[in-house]
Amino acid sequence: MSDDMDIKDKAAWDAAERVADYEHGWSSDIETDFAPKGLTEDTVRFISAKKNEPEWMLEWRLKAFASWKTMTPPDWAKLNVPPIDYQDAYYYAEPKAKPKLGSLDEVDPEILRIYEKLGIPIAEQKLLAGVEGGEDGGLPQRRVAVDAVFDSVSVATTFRAELERAGVIFRSISEAIKEYPELVRKWLGKIVPMHDNYFATLNCAVFSDGTFVYIPEGVRCPMELSTYFRINAENTGQFERTLIIADRGSYVSYLEGCTAPMRDENQLHAAVVELVALDDAEIKYSTVQNWYPGDAEGKGGIYNFVTKRALCQGRNSKVSWTQVETGSAVTWKYPSCVLNGENSVGEFYSVAVTNNYQQADTGTKMIHNGKGSRSTIVSKGISAGHSNNTYRGLVRVAPNAEGVRNFTQCDSLLLGSLSGAHTVPYIEVRNPSAQIEHEATTSKISDDQMFYAMARGLNTEEAVTLIVNGFAKEVLQQLPMEFAVEAQKLLGISLEGSVG
Amino acid sequence: MLQITNLHANVGDKPILKGLTLSLNAGEIHAIMGPNGAGKSTLGYVLSGRPGYEVTEGEVTFNGQNLLDLEPHERAAAGLFLGFQYPVEIPGVSNVQFLREALNAQRKNRGEAPLSGAEFLKVAREQATALGMDMEMLKRPVNVGFSGGEKKRNEMVQMGIIDPALAILDETDSGLDIDALRIVGDGINRIMRKPDKAVLLITHYQRLLDYVKPDFVHVLADGRITRSGGPELALELERDGYKELAA
Ligand SMILES: Nc1ncnc2c1ncn2[C@@H]1O[C@H](COP(=O)(O)OP(=O)(O)O)[C@@H](O)[C@H]1O
Ligand SMILES: [Mg+2]
C-alpha cells in the first residue's frame, strides 16, 4: 500500500467525523414553481419554454416524447418495481427565488443553508480542503468547483471565472444549449441515443437541467468539478442531463453527489450522462449516490433509473467510472464504456450497498471495438436486511478488435441471511486474441473479525463499518478524497441496524 | 483488580469452564498453564465477552465493576486487552486505521478526547520501533499476509498502543523464534510490568517465563484451576508434564 493511500485513510477517517451524518431527511421551505402535474406534450413545451430553449431543442424533445409514448419499461433486471404512474408526478419544479447568479452572495440564503447542511463544499471557505495530513505535513489545498442542481434547476456554479481562464466550460446544460449550441448539438444524444431505452428517452423529453463540461485540447482541468443534485419538492421527478466533452489530450475529474429528503411516496430520478473522450483524453467520473432509500419497511425512496455511457472515441483515451451507491429504493444503472479508440481504456469501480428492502441491479458494459483496448471492472456488492443486490455486466469484443483485455472482479458481502447477492456476467467475445478474466467471490462478515474488532474497542456498528470499508477499499481508494471521506461514512450509516 | 469466582461457562451447550476461581491484584503477573483443550482460550474469550460463550454461573469483577454486564467494546474501554492466540485478518483495513479507530472508540467511551492523526502516529511509531516492527507493516492490512510470528508481534504492538490495565495474553509465545520471543518478552515487561497493571499469561512453555517472570503460576485443567504456586511450579510442569501433576 502506498503512503498516499495511508494518509488518505487517516485523513478520511478524521474528516469523516466532521462530515455531516446522512440525515438528509429534511425538506426545506423554499418556494417552488411547478409545471402542471402530469406528462403531456404541453409539459414538454412548458419545460422548453421555461428554459427559453431554441427551436431545435424543443423539436428534439418532442420527438423523444412521441417515441417514449410507444415504448415500455424494461423488465429484464432483477428488480421488483410496481408500475409507475407517470401522470401522477411533476416534471418540473423550480425554486421561486431562483437567481441568475454571478456570485454565491446572490444565492437564496435558504438554499445555501441547505448546501451547508449537506456538507457540500459550495462556498470556498467551506471546501473540505487540507484535511489533516498526518506526518507528511498536510495535503495540498484542494479545490472543487460546484454546480448545484436543486430540483430542476441549476442554482449556482462556482469558480467560473478561473475555469474560463483555463478555457474550461462548466455550465448548467440549459445555459450551454444557448451559449454553445454547436458543441451541444454535436454530442447530445450521440453517446446515449435518444431511443436507447425507456428512461433515457423520457429524459430526452423532459430533462430539466444538468451540467455541461468542455475541456479544450491539451488542458488539464485546474480543479475537480462537481455537481450536487437534490430533489426537494414533493412528488417531483428529477431528470438531469450531463454532457462532458474531453478534447484531445485533456483531463478532468468530475464528481457527482445526490441526496433527497425522506418522503413516503416514491420519486423518480431518470438521468442521462454522456461522456466523450477524444485522443489521449481522460475523464474520471465519480458518483456518491445517496438518494433517500425508503424506510426500514421499504416505504418511499427514490427510483433511480439512470443511463450513463462514455464514448472512448480517441486513441489512448480513458474513462474511469467510480460509483458508491448507497441510496435509492431501486437502482437500475450501468455506467458503460464504448471503447472505439485504439488502446483506449475503460474502468468501472463500484460499491453498491443495499439494506432493508432496497434493490440494486447495477454493473457496466465494456464494448471493445478498438484494437488493444483494455477494461477493468471491480464491483463490490454489500447486501443486508431483506435487500437484493445484483451485479450485471457485459464485456463485448468486436470481431476486428485485436488484443483486447478485460479483467473483472465481482465480490459480494452478505450481512445476515435474508439478503441476496447475484452476479450476472455476460461475455461476448468475437475475436480470439482477447484475454478475458472473471473472478467472483461471495462472503460473509466473519464472527472472528467482528469479535476481534470489538475486543479492541469498537461497538457492533463501528466494527461492521470498518470491515465493510475494508471490503470496499479497492473502490473507495479510486475516489477523490472529499468523496472517499463521505463514502466511508455513508457505508456505515447505510448499514446501521443490519447486524447484531 | 480481577476477581473470578466459581465461573462456569458453556460453549454452545458444552460446559467448558467448571467452577474457576482466580484473583489478580494490580502489579501482578499470573501465568496459566494447562493441557490442550483445558479451557484456557475459553477463559480469555469469556472474560472479553465473546458472543457464543455463555456464563452459566459465577461472578467476575474487574476493578469493582461487574465485568459480565459489559459489552466487549466496553470491557476494552474499561482497560481489558485480549492478545489472541490466533490473530484475525481484516482485509483492506490498515493496522494504522484499525488501531486508531479502536483507540479513539475506547477514548470516546471513557469520555476522553480522540487522538489526532499525528498524535496517534507518534505513539504507533514508538511502539512499533520498541517491538522491532517496521512502520511499513503497520500500514498494511490487519494481519493479512503476516507470518505467525509477525501476527503475535503485532498483537504486542497493539497492546502497547492501547496501553491496557489488564492483558490476557493467549499463547502469545507460540510461533515465535528465540529472538522474537525475547523481544515480545521485553515488550510485555515494558508495557505491563507496572504497579497499576496486571497480566494473565496463558502459555505452554517455560521459555516465555524466563523473560517474563510470573508472580504466580496456575494449572488450568478440565475447566478449573487445579493447582497454584510460584514460578517454581512452571519448572516442575516443564519437567514432569501435566499428567504427573493431575495424578
Ligand atoms: N466454538 C467451539 N465450539 C465447540 N467447542 C469448542 C469451541 N471452542 C472451544 N471448544 C472446546 O472447548 C474446549 C476448550 O477449548 P479451549 O478453550 O480452546 O482450550 P485451550 O485453549 O485450553 O487449548 C475444547 O474441548 C474445545 O474443543
Ligand atoms: Mg487455546
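Start by selecting R309(A) and D196(A): these two form a salt bridge, with their closest N and O atoms 2.8 Å apart. Keep in mind as you click around that this is a predicted model. R309(A) sits in strand β13 (residues 301-312) of chain A, while D196(A) is in the loop between α7 (181-187) and α8 (198-206) of chain A, so the pair ties together parts that are 113 residues apart in sequence. Now turn on the surface. R309(A) is buried, with a relative accessible area of 11%, whereas D196(A) is partly exposed, at 30%.

**Next stop: K380(A) and E474(A)**

Here's another salt bridge to pick out. The closest N and O atoms of K380(A) and E474(A) are 3.1 Å apart. Colour by secondary structure and you'll find K380(A) in strand β19 (residues 374-383) of chain A and E474(A) in helix α11 (residues 473-476) of chain A, so this pair ties together parts that are 94 residues apart in sequence. Buried or exposed: which word fits K380(A)? With a relative accessibility of 5%, K380(A) counts as buried, because the cut-off for that word is under 20%. E474(A), at 33%, is partly exposed.

**Next stop: a little network**

Select R171(A) and E164(A). Their side chains meet in a salt bridge, N to O, at 3.2 Å. R171(A) is buried, with a relative accessible area of 5%, and E164(A) is partly exposed, with 36%. Now add E179(A) to your selection: E164(A), R171(A) and E179(A) are linked in a network of salt bridges. If you fancy hunting for others, the structure holds 29 salt bridges over all chains.

**Zoom out: chain A as a whole**

Show chain A as a cartoon. How many helices and strands does chain A have? There are twelve helices and 23 strands. Of the 500 residues in chain A, buried ones make up 63%. Look also at which parts of the chain touch one another: among contacts in chain A with a separation of 6 or more, residues 24 or more positions apart account for 85%.

**Next stop: where chain A meets chain B**

Give the two chains contrasting colours and look at the place where they touch. The contact takes 28 residues from chain A and 42 residues from chain B. The size of an interface is often given as the accessible area lost when the parts come together. Chain A and chain B bury about 3100 Å² between them, with 59% of it on carbon and sulfur atoms. Which three residues should you select on the chain A side? Go for F451(A), Y452(A) and R456(A), which supply 28% of the area that chain A buries against chain B, more than any other three residues.

Stay with R456(A) for a moment and add E155(B). Their side chains meet in a salt bridge across the two chains (2.7 Å, N to O). Between chain A and chain B, the count is two salt bridges. Polar contacts are there too: ten residue pairs between the chains, both residues at pLDDT 80 or more.

Which helices of chain A should you highlight here? Try α1 (3-18), α9 (447-455) and α10 (460-471), each of which supplies at least two residues of the side of chain A that touches chain B. α9(A) gives the most to that side, with eight residues. Colour that side of chain A by residue type and you get eleven nonpolar, five polar and twelve charged residues.

**Next stop: the magnesium ion**

Now select ligand 2, the magnesium ion. Which protein atoms are its donors? They are OG of S41(B) and OE1 of Q85(B), lying 2.1 to 2.3 Å from the ion. S41(B) is in helix α1 (residues 40-48) of chain B and Q85(B) is in the loop between β6 (80-83) and β7 (90-94) of chain B, so to follow the chain from one to the other you'd cover 44 residues, a link between distant parts of the chain. S41(B) counts as buried, at 19% relative accessibility, and Q85(B) counts as buried too, at 14%.

**Last stop: N95(B)**

Finally, select N95(B), which you'll find in helix α3 (residues 95-109) of chain B. N95(B) is buried, with a relative accessible area of 0%. What does N95(B) touch? Not counting residues up to four places away in sequence, its contacts are M137(B), L138(B), R140(B), P141(B), V142(B), N143(B), F146(B), N154(B) and Q158(B).

How values were computed. Residues numbered from 1 in each chain as written. Chains lettered and ligands numbered in written order. Predicted model: local features only at pLDDT ≥ 70, side-chain atom pairs only at ≥ 80, totals over all residues. Heavy atoms only, no water. Donors = N, O, S within 2.8 Å, 3.2 Å for Na, K, Ca; no water. Helix = DSSP H or I, 4+ residues; strand = E, 2+ residues; numbered from the N terminus. Buried < 20%, exposed > 50% of the residue type's maximum accessible area, 1.4 Å probe, protein only. Contact = heavy atoms within 4.5 Å. Buried area = accessible area lost by both parts, 1.4 Å probe. Salt bridge = Lys/Arg side-chain N within 4 Å of Asp/Glu carboxyl O. Polar contact = N/O pair within 3.5 Å; in protein donor to acceptor, adjacent residues only side chain to side chain. Nonpolar A, V, L, I, M, F, W, Y, C, P; charged D, E, K, R; others polar.
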